[in-house]
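Here are my notes for you, set out as numbered points. Please keep the model open while you read.

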Amino acid sequence: MHWSETVARELIERKGLQVIETGTSISGIPHIGNASDVIRGDAIRKVLLERNADVDFIWVADDSDPFRKIPKGMAGLGEYLGFPVKDIPDPDGCHESFVDHYVDGFLSNLKEFGVEPKSYSATELYRSNAFQEGIETVLKRSGEITEILNKFREEPLPEDTVFWSPICENCGRIASTKPTGVDGFMVSYVCQDTEISGGRVKGCGFEGESDIREGRGKLPWRIEWAVRWKHFRVTCEPLGKEHASAGGSFWTSRIISKEILGWEPPIPVIYEFFTLNGEKISSSKGNVITLGNWLDICEPEVLKYSMYKRLKKQRDIKLSSIPALVDEYDRAERVFFGLEEGGDGEGRIYELSQVKKPEKLQVPYTLCAVLSQVVSDLNLDEITKRLERQGYRDYSRERLRNRIKLAGEWSRRYGPSYLNFRLIDEEKAEEAKEQLTADERAVLRKIADELDKDLGAEGLHKRIYEISRESGVKPSGVFRAVYHVLVGKDRGPKAALFILSLDPLFVKNRFK
Ligand SMILES: [Zn+2]
Ligand SMILES: [Zn+2]
């Protein structure tokens, strides 16, 4: 059974409306790692719907958090350190704020992944008093909450801790305010210098009062999470394993939800995170790939496929190895269409990853990268002809067109040098030919003779080896000769596949 089906079964036993909550911190650029939360949540939504359960699928932008670290390349935002993220301006100037800029992009990209949660802004939830009842309870029962939190802390919180971070009325920062007392709805505070992960935030010294009914502030994360569950009646929460470690926020929020707010906590769906090119994904370090970046180079279904595999395994997205991810997806496609035996529910994962009605493609991504560079104007009829010579006949033309565009973009940005080539002109080819031995030239002429025989890529590959044996020229020498006269380099795409992707007349003339 797929993990989403196990979760769905558990949820259905809980009965009633199922509310899946996902969320993303907007204190940096929302990236693929953030998206895995909501994309994975969507799989559970799909399975619940298949089973006729009532489902609500929500996403909350954590935009009331303090701006803690400056994303790489945005030094101009330095003065906003410690402000609520919601109050930072758009560095590109095209939206009202930083949050609007990134949330708009994130949600519209998610739509292309077929994922459309109801979206909320944490700031707006506070300002519209959605959490007021919860906040009042928290302030009234703060002694008990302190006790709960202290069970998980090495350095205990003082008994009179006030769980409300006001926004300073004078300077607008949220990281620098320290609550000093509470009287009814009013929390008094002082604005003072504070150390946060991205540096020191200067306090303005202001002493003021924050009326919780105005919602200009926020609850600490572990408490906010519980208040949100109660407010939205959340029954299912996907979360990264950093929240689920021993003493992690999920476990404390759970107790607060149950014991203080009287809401049965949601069923957690704990997942491992993604890394990018072997490193932690981080906007402050500039190691980021957004959903939009992904959509420039690959189909959304391929990323969904790798997110829907086993949850408890850390996965790396290596941009130079995108073809390997696509090959794995294509294998699952064969399993889904009954063309190959599968294991581990690959066909089901493929099905859950679909954005539209599934259509077969089965033209390898690397071949598409080659075709994108050898057919002028990406003429689809010409491409179809060349694919036919390699034995590809039954596929969705629309998907083909799209994959060729994506694979071409990928090879330009991240592809290995041998996949980035340009066919050399006659003059350069003449020079290359002069460097070949007589035997090598003879081999090329023999290969040219094979090109009318409709051998397919595998057949031609075999013939090249036979010709190499017959002529006493090592295969490595044959391949080098092929690449030298075509692209003027020692290496290139797999030879047989490459030759058959080119205009047949052109190759024949060149080899002769
Ligand atoms: Zn903008
Ligand atoms: Zn201040």
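1. A residue is called buried when its relative accessible area is under 20%, exposed when that area is over 50%, and partly exposed in between. Please also bear in mind that this is a predicted model. Phe83 makes a good first example: its relative accessible area is 13%, so Phe83 is buried.

2. Let us stay with Phe83 and look at its ring. The structure holds 22 aromatic pairs, and one of them joins Tyr80 and Phe83. Their ring centres lie 5.5 Å apart, and because the planes stand at 65° to one another, the pair is edge-to-face.

3. Another pair to look at is Trp225 with Phe250. Here the centres are 5.9 Å apart and the planes meet at 75°, so this pair is edge-to-face. The two residues come from distant parts of the chain: Trp225 belongs to helix α7 (residues 221-232) and Phe250 to helix α8 (residues 249-260), with their positions 25 residues apart. Are they buried or exposed? Both Trp225 and Phe250 are buried. They also take part in a cluster, in which ring pairs link Trp221, Trp225, Trp229, Phe250 and Trp251.

4. Now for the metals. Which residues hold the zinc ion (ligand 1)? Its protein donors are Asp90 (OD), Cys94 (SG), His95 (ND1) and His101 (ND1), at 1.9 to 2.2 Å from the ion. Along the chain, these donors follow the spacing D-x3-C-H-x5-H. The angles subtended by the four donor atoms run from 105 to 115°, and therefore the arrangement is tetrahedral.

5. Two donors of that site are worth a look for their exposure. Asp90 has a relative accessible area of 8% and is buried, whereas His95, at 28%, is partly exposed.

6. The zinc ion (ligand 2) is coordinated by four cysteine sulfurs: Cys168 (SG), Cys171 (SG), Cys191 (SG) and Cys204 (SG), at 2.2 to 2.3 Å. The angles among these four donor atoms are 102 to 117°, and the site is tetrahedral. In sequence, the donors of this ion show the spacing C-x2-C-x19-C-x12-C. Within this set, Cys168 and Cys204 link distant parts of the chain, 36 residues apart. Cys168 sits in the loop between β4 (165-166) and β5 (177-183), while Cys204 sits in the loop between β8 (199-201) and β9 (207-211).

7. How buried or exposed are these two cysteines? With a relative accessible area of 2%, Cys168 is buried. Cys204, at 33%, is partly exposed.

8. Please find Thr290 next, in the loop between β14 (279-280) and α9 (291-297). Its relative accessibility is 17%, so Thr290 counts as buried. Which residues does Thr290 touch, leaving aside its neighbours within four places in sequence? They are Ile29, Pro30, His31 and Ile32.

9. A charge and a ring also meet in this model: the charged end of Lys360 sits over the ring of Phe337, at 5.9 Å from the ring centre.

10. Finally, the domains. The domain assignment gives domain 1 (3-132 + 220-275), domain 2 (164-218), domain 3 (365-419) and domain 4 (426-511). Taken over C-alpha atoms, the centres of domain 3 and domain 4 are separated by 21 Å. Their contact involves 10 residues from domain 3 and 15 residues from domain 4.

Notes. Residues numbered from 1 in each chain as written. Chains lettered and ligands numbered in written order. Predicted model: local features only at pLDDT ≥ 70, side-chain atom pairs only at ≥ 80, totals over all residues. Heavy atoms only, no water. Donors = N, O, S within 2.8 Å, 3.2 Å for Na, K, Ca; no water. Tetrahedral: all angles 85-135°; square planar, octahedral: opposite > 155°, others 65-115°. Helix = DSSP H or I, 4+ residues; strand = E, 2+ residues; numbered from the N terminus. Buried < 20%, exposed > 50% of the residue type's maximum accessible area, 1.4 Å probe, protein only. Contact = heavy atoms within 4.5 Å. Phe/Tyr/Trp six-rings, centres within 6.5 Å; stacked < 30°, edge-to-face > 60°. Lys NZ or Arg CZ within 6 Å of the ring centre and 35° of its normal. Domains from an automatic or database assignment.
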